[in-house]
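Good morning, and thank you for coming. Please look at the structure on the screen while I take you through it step by step.

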Amino acid sequence: MHATTIKKLLLLFVSAFMLIISHASSLRFHYINSHNFTTKTSAASSSSSSSAAHRSRNPSLALVHRDAITGATYPSRRHAVLDRVGRDNARAEYLVRRLSPTYLPTDLGSEVVSGLDEGSGEYFVRVGVGSPPTEQYLVVDSGSDVIWVQCKPCLQCYAQADPLFDPASSTTFSGVSCGSAICRMLSSSGCGDAGRCQYEVSYGDGSYTKGVLALETLTFGGTAVEGVAIGCGNRNHGLFVGAAGLLGLGWGPMSLVGQLGGAAGGAFSYCLASRGPGSNADAGSLVLGRSEAVPEGAVWVPLVRNPQAPSFYYVGLSGIGVGDERLPLEAGLFQLSDDGAGGVVMDTGTAVTRLPQEAYAALRDAFAGAVGALPRAPGVSLLDTCYDLSGYTSVRVPTVSFYFDEGATLTLPARNLLVEVDGGIYCLAFAPSSSGLSILGNIQQEGIQITVDSANGFIGFGPNTC
């Protein structure tokens with residue numbers, strides 16, 4: 001079949017994703033074009049979302065993937081996937097340690113760089129820091145609270161894409177005193193020269209950031225927000241891959257959403273652009289503010305608070321389905337225990353969704369059984385369920401459904417289930433967790449508008465796509 005014919009091949013199911021509230025779905029399988037996961041419906045939705053964001057009066061920022069910032073190039077797609085999986089393993093293992101009931105923090109401040117552990121920050125936003133604003137790329141991290149940037153004078157700094165922020169050139173930079181209420185909001189704090197509040201974070205791998213806490217003006221898409229508490233890092237070390245720092249969007253009081261309070265209505269939404277072939281890597285968005293971030297028609301799921309890790313967004317998951325079959329899993333397998341073990345955490349820094357071994361094995365086997373005789377391919381790193389689709393123009397694969405507490409169901413199509421590793425080689429983008437913790441990764445979140453209403457304790461899926 002000629003390439004032009006392949007490109008014109010229409011998918012039998014063209015919805016970018018389907019959200020349902022009942023326990024049964026009429027959409028059991030997708031037929032996918034193995035040469036291109038991008039559909040006409042997806043493109044139209046992206047255009048619509050972009051127009052809506054442009055009309056918004058609330059801050060709306062472009063979410064950019066790290067590869068677009070660093071300019072990383074790879075000899076082949078396989079090399080790119082292996083690099084991504086390596087970062088992914090580091091991030092997932094960090095979360096397993098961080099969210100363990102036996103975790104003991106080693107830092108002197110707050111959990112500042114969780115999204116950058118081992119260089120695993122995946123999505124960046126452009127933020128103006130100071131007055132006049134200095135444009136900086138910051139990693140978006142839904143599991144961290146404190147916002148921080150590298151600052152002059154820098155005694156030790158890693159390489160970043162933008163010039164270092166110089167607080168001396170900003171008319172709105174104001175150091176925070178050790179005795180202030182803001183300084184006391186850190187889990188622990190130090191006191192430096194002239195009584196200024198200090199923060200410090202270090203990890204066993206040698207990564208760290210150290211500096212002073214300050215109040216500063218941040219500019220988001222032309223909207224200036226005054227008096228935001230940020231860390232100004234003068235000593236920073238690690239594989240931080242071009243970002244100037246981190247934008248914490250966690251559930252704690254020091255995160256951007258927590259600090260904005262009523263100004264943002266305790267809500268934000270994001271849409272991660274699909275990274276598959278033919279997709280637009282720069283189409284993602286981050287919207288702050290309840291009036292625009294909280295859409296009508298979303299499927300709402302209650303958030304679950306983990307007292308041991310209050311910055312992270314957990315959801316209650318009761319089961320998983322493949323096609324029209326709910327997997328026979330042990331009751332309570334995804335439940336967050338009283339001591340903070342297990343549970344299901346939403347994370348933008350992890351790519352491949354992690355499930356407890358029992359759940360992953362059941363999902364893998366059901367998926368393999370549903371696709372029938374599709375030719376298998378060798379596994380790639382942690383991706384052990386792969387197929388050679390190079391000889392196909394269209395293949396039939398099952399959907400995967402997440403059954404949340406209180407009845408809501410999220411049903412994902414093939415583009416959120418399979419990742420292309422090499423020419424025509426696709427692998428199931430799920431993996432077993434090294435503990436009872438489940439992580440809903442960014443591949444499964446791609447292309448779906450996700451809304452976090454932290455003020456009311458809900459997370460919404462849809463109805464828009466990107």
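How many bridges pair strand S30 with S31, and in which sense do the two strands run? Strand S30, residues 448-453, pairs with S31 over five bridges, in the antiparallel sense. Please keep in mind throughout that this is a predicted model.

Let me stay with these two strands for a moment. S30 and S31 form a hairpin, with four residues between them. In the turn, Gly457 has a positive phi of about 80°. Within the pair, Asp453 stands opposite Phe458 in S31. Strand S31, residues 458-465, is also joined to strand S15, residues 299-304, by four bridges, and these two run antiparallel. There, Val301 is the residue opposite Ile459 in S31. As a general reminder, strands of a sheet pair through backbone hydrogen bonds, either parallel or antiparallel.

I now turn to the chain as a whole. The protein chain has nine helices and 31 strands. Of its 466 residues, 57% are buried. The accessible surface comes to about 18,000 Å², and carbon and sulfur atoms account for 53% of it. If we take the contacts with a separation of 6 or more, 73% of them are between residues 24 or more positions apart.

Next, the positions marked in the record. Which residues does UniProt list for "active site"? The UniProt entry, which is unreviewed, lists Asp141 and Asp347. They span 207 residues in sequence, yet their C-alpha atoms are no more than 8.0 Å apart, so they gather at one spot.

Where do these two residues sit? Asp141 is found in strand S5, residues 134-141. With a relative accessible area of 1%, Asp141 is below the 20% cut-off and therefore counts as buried. Asp347, by comparison, is placed in the loop between strand S19, residues 344-346, and strand S20, residues 353-355. Asp347 is also buried, at 1% relative accessibility. The side chain of Asp347 makes a polar contact of 2.6 Å with the side chain of Thr350. Beyond its neighbours within four places in sequence, Asp347 is in contact with several residues, including Arg91, Leu95, Asp141, Ser142 and Asn442.

Two of those names, Arg91 and Leu95, lead us to a helix, because both are among the buried residues of H4. How does the length of helix H4 compare with what one should expect? Helix H4 comprises the 22 residues 77-98 and, at 1.5 Å a residue, should span 32 Å. The end C-alpha atoms of H4 are 31 Å apart, which agrees. Other buried residues of H4 include Val81, Arg84, Asp88 and Ala92. In general, an α-helix has 3.6 residues a turn, so residues three or four places apart point the same way.

Asp88 in turn brings us to Arg354. A polar contact of 2.6 Å joins the side chains of Arg354 and Asp88. Arg354 lies in strand S20. Is Arg354 buried or exposed? Arg354 is buried, with a relative accessible area of 4%. A polar atom of the Arg354 side chain also lies 2.8 Å from the backbone oxygen of Val352. Leaving out residues up to four places away in sequence, Arg354 touches Asp88, Asn89 and Ala92, and among its other partners are Leu382, Pro432 and Ile439.

My last topic is a second group of strands. An open sheet of four strands has the order S21-S22-S27-S26, with antiparallel pairing. Strand S21, residues 376-377, and S26 stand at the edges, each with a single partner strand, so one side of each is left without a neighbour in the sheet. The partnership of S26 with strand S27, residues 425-428, is antiparallel and extends over four bridges. Val419 stands opposite Cys427 in S27.

Finally, consider Leu417, in the loop between strand S25, residues 409-412, and strand S26, residues 418-422. Leu417 is buried, with a relative accessible area of 0%. Leu417 and Phe430 are 13 residues apart in sequence, and their C-alpha atoms are 7.7 Å apart in space. Apart from neighbours within four places in sequence, the contacts of Leu417 include Phe367, Pro398, Val400, Cys427 and Phe430.

Thank you for your attention.

Note on methods:
Residues are numbered from 1 along each chain as its sequence is written. This is a predicted model: local features need pLDDT of at least 70, side-chain atom pairs count only at pLDDT 80 or more; totals for chains, interfaces and linings use all residues. Side-chain values use heavy atoms; hydrogens and water are left out. UniProt positions are given in the numbering used here, feature names are shortened, and annotations may be inferred rather than shown by experiment. Buried means under 20% relative accessible area, exposed over 50%, partly exposed in between (1.4 Å probe, protein chains only). Contact means heavy atoms within 4.5 Å. A polar contact is a pair of N or O atoms within 3.5 Å; within protein, one must be able to donate a hydrogen and the other to accept it, and residues adjacent in sequence count only if both atoms are side-chain atoms. The expected span of a helix is 1.5 Å times one less than its number of residues. Accessible areas come from the Shrake-Rupley method with a 1.4 Å probe; for residues, only the protein chains shown count as cover. Two strands pair if DSSP finds at least two bridges between them.
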